[in-house]
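This report introduces the structure displayed below. It treats helix packing first, then the chain fold, the contact between chains and some local backbone features.

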Amino acid sequence: MHPLTPSKDPAPLTLPSPQGGEGGGESGYGWFPYALIAPAMLMLVVVALVPFLYTVYLSLHEIRHAQVGDWAGLANYRTLLANPRFWHSAGISLLFIAIAVPLEFGLGLGGALILNQGVRLRSIIIPVLFVPTMMAPVVVAILWKIMLAGSWGLLSYNVIERFGILTGTSVLASPSLALYALVLVDVWQWTPFMMLAFFAGLQSLPLTPYRAAAVDGASDLQAFRRLTLPLMAPLMAVIGLLRLIDAFKVFDTIFLLTGGGPGTATESTSLFVYKTVFDFWDLGPASATAVVIWIMFFAFANGFYQIARRKLGAF
Amino acid sequence: MRSSRVALFTILAVAWAALAIFPVLWMAAMTVKPEALMFARPPAWSFTPTLEHLHYVVAEGFAWSLVRSLMVAGLSTLLIVVIGTPAAYAFARFPIRRRDDLLLFVLATRLAPPVALVIPFYLIYARVGLLDTYVGLILAYLTFNLSFYVWVLWSFCRDLPPELEEAARADGYSRTRVLLHVVLPLLRPGIIATSVLCFIFAWNEFLYAFMLGGKAVETLPVAVPKLITSQGVKWGELSVVGIAALVPILAAVFVLQRHIVRGLTMGAVKG
């Protein structure tokens with residue numbers, strides 16, 4: 001058996017094959033498993049690996065007017081790293097994540113603990129909470145343009161103007177506030193999902209330790225700190241990491257709500273990549289950025305895989 | 001004591017859900033709000049509903065965008081189910097050389113940022129003439145959806161008990177027949193849940209459709225800018241399009257419920 005196959009995987013079907021046709025081969029399965037994965041894996045190679053390698057190739061060449069020129073070595077990477085706008089965009093992305101993700105995590109966990117108190121009407125509450133998460137980014141953008149429109153937006157008129165935060169224009173057009181408006185939108189969209197994911201985790205916790213704790217006279221707070229937190233830790237790590245990955249690559253809502261502006265006030269790394277390619281047509285450095293981002297995401301993906309597998313036993 | 005606590009938490013949870021859904025309801029009201037009241041200060045809460053926005057959207061041919069969205073999302077999902085299901089099953093059932101590396105490749109493909117992928121896609125498509133074609137868009141959607149499907153369905157496949165398959169093999173079924181007549185019926189809930197999620201992701205998708213599409217394959221999300229006219233932004237009409245884009249999502253959410261968490265956490269949390 002394959003050494004890396006986890007033990008909980010079903011044992012291979014060892015019964016004798018009456019036809020004996022497709023048996024054969026050292027492992028006894030022959031080409032059959034490979035025939036099953038071939039179409040999907042070939043497709044993924046075509047749509048993911050080939051574009052990736054092509055980007056690496058582009059990033060190592062001089063590119064003028066969309067024509068691939070001479071070998072450039074790491075020159076594009078040097079140009080990228082010397083560009084203050086790249087570092088600015090990295091800062092914006094980090095700030096966005098640093099505010100949005102902990103908020104979503106904390107509020108989500110709180111909400112999950114509330115839902116877990118035997119709350120009624122869950123069959124209505126849960127699907128409603130899923131709606132923001134599953135919504136198209138375009139719809140999210142329309143929704144929040146309406147809520148945050150200058151002067152006539154519901155939130156602008158009733159909250160933002162009333163508390164004297166900003167009058168006349170939309171917060172989305174304010175250089176100092178636009179990023180926080182985007183954080184608000186992200187928190188609105190993703191907190192309910194975090195809440196439901198944590199809730200699913202809470203629901204799957206074993207009951208026995210809690211009964212034992214109750215017998216020992218532990219308070220709710222003690223049970224939470226000594227039982228819930230440690231039991232939920234791997235799951236929280238996995239969900240948090242996945243949210244971090246998604247928050248880092250957020251493009252659509254920012255693109256549609258502010259376009260990275262005003263100026264470069266909300267230009268996250270994703271927006272920076274987009275603009276270097278499709279606005280400035282600066283393909284060399286843009287490919288270099290794409291490669292850097294890709295390597296980062298591969299590291300993220302690997303982290304998620306290892307934690308989910310080792311700590312959570314999910315895969 | 002106990003019941004008053006439940007009541008308190010129920011109120012809190014309902015309030016939370018109301019807060020999450022409120023902007024959607026406000027947008028729904030905008031679809032029938034008369035143009036004259038659109039920019040009222042303070043925002044108008046009550047008005048006589050009008051169908052002017054709906055008529056405008058229909059007259060502008062948005063129904064065709066809806067059809068194109070259905071085509072792209074439907075066809076790409078169908079293709080994914082056909083080639084993804086056997087792969088997910090094989091990963092769960094058979095020892096495959098370098099299985100872990102292949103699976104990590106699948107996961108990494110899913111998590112890769114689309115903005116980095118759209119660059120090579122655009123350049124390659126421009127060369128081979130796949131810009132603004134259904135084939136081009138459907139292929140591009142495979143990156144995030146095929147990887148998603150294989151990965152999540154793999155988690156469903158691991159939940160299947162192998163005994164039935166063993167019994168069928170003992171009865172003389174070939175491996176292909178076991179897959180078609182034993183595994184597929186058992187996997188049906190997982191296939192439906194995962195493919196509905198794929199459909200939604202394709203339905204919602206913006207960046208690829210925006211960059212790689214054009215007039216011929218203009219899906220609903222990228223048709224939206226048509227409502228930002230020289231006379232100003234058509235907010236009522238935008239709301240109509242927004243609600244239209246939301247309808248399949250609402251239907252899916254009520255059907256899927258607990259499977260959504262499983263899907264969106266890549267199978268790490270069994271909802």
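In chain B, helix α3 (62–93) and helix α6 (residues 134–158) pack at an angle of about 35 degrees, with their axes 7 Å apart. Axes here are lines fitted to C-alpha atoms, for helices over the stretch in contact, and angles run from 0 to 180 degrees between N-to-C directions. The crossing of α3(B) and α6(B) is right-handed; a crossing is left-handed if the near helix is turned anticlockwise from the far one by less than a right angle, and right-handed if clockwise. The contact of α3(B) with α6(B) comprises 21 nonpolar, four polar and two charged residues. In this classification Ala, Val, Leu, Ile, Met, Phe, Trp, Tyr, Cys and Pro count as nonpolar, Asp, Glu, Lys and Arg as charged, and the others, Gly among them, as polar.

The model is predicted: local features need pLDDT of at least 70, side-chain atom pairs count only at pLDDT 80 or more, and totals for chains, interfaces and linings use all residues. Residues are numbered from 1 along each chain as its sequence is written, while chains are lettered from A and ligands numbered from 1 in the order in which they are written.

Helix α6(B) also meets α4(B), and their axes come within 8 Å and cross at roughly 135 degrees. That angle makes α4(B) oblique to α6(B) (angles under 35 degrees count as roughly parallel, over 145 as roughly antiparallel, 65 to 115 as roughly perpendicular and the rest as oblique). On the α4(B) side the contact is made by B:V106, B:L107, B:T109 and B:R110, and on the α6(B) side by B:T143, B:F144, B:S147, B:F148, B:V150 and B:W151. Two residues are in contact if their C-beta atoms, placed from the backbone, lie within 7 Å.

A helix pair that joins the two chains is α11 (residues 269–279) of chain A with α5 (residues 114–128) of chain B. These helices are roughly parallel to each other. Residues A:S270, A:V273, A:Y274 and A:V277 of α11(A) touch B:V115, B:A116 and B:I119 of α5(B). The three pairs are set out below.

| Helix pair | Angle and axis distance | Handedness of crossing |
|---|---|---|
| α3(B) and α6(B) | about 35 degrees, 7 Å | right-handed |
| α4(B) and α6(B) | roughly 135 degrees, within 8 Å | left-handed |
| α11(A) and α5(B) | about 15 degrees, 9 Å | left-handed |

Chain B contains 12 helices and two strands. Helices (H or I, at least four residues) and strands (E, at least two) are DSSP runs, numbered from the N terminus. The C-alpha trace of chain B spans about 75 × 70 × 30 Å along its principal axes.

The contact between the chains takes 93 residues from chain B and 91 residues from chain A. Helix α1 (residues 2–30) of chain B gives the most to the side of chain B that touches chain A, with 16 residues. That side of chain B consists of 69 nonpolar, 14 polar and 10 charged residues.

Some local backbone features remain. In α1(A), a kink of about 45 degrees lies at A:A38, shortly before the proline A:P39; the bend at a residue is the angle between axes fitted to the seven residues ending there and the seven starting there. A cis peptide bond, with omega about -5 degrees, joins A:G261 and A:P262. In chain B, B:R98 has a positive phi of about 55 degrees although it is not a glycine, and B:R98 is found in the loop between α3 and α4.
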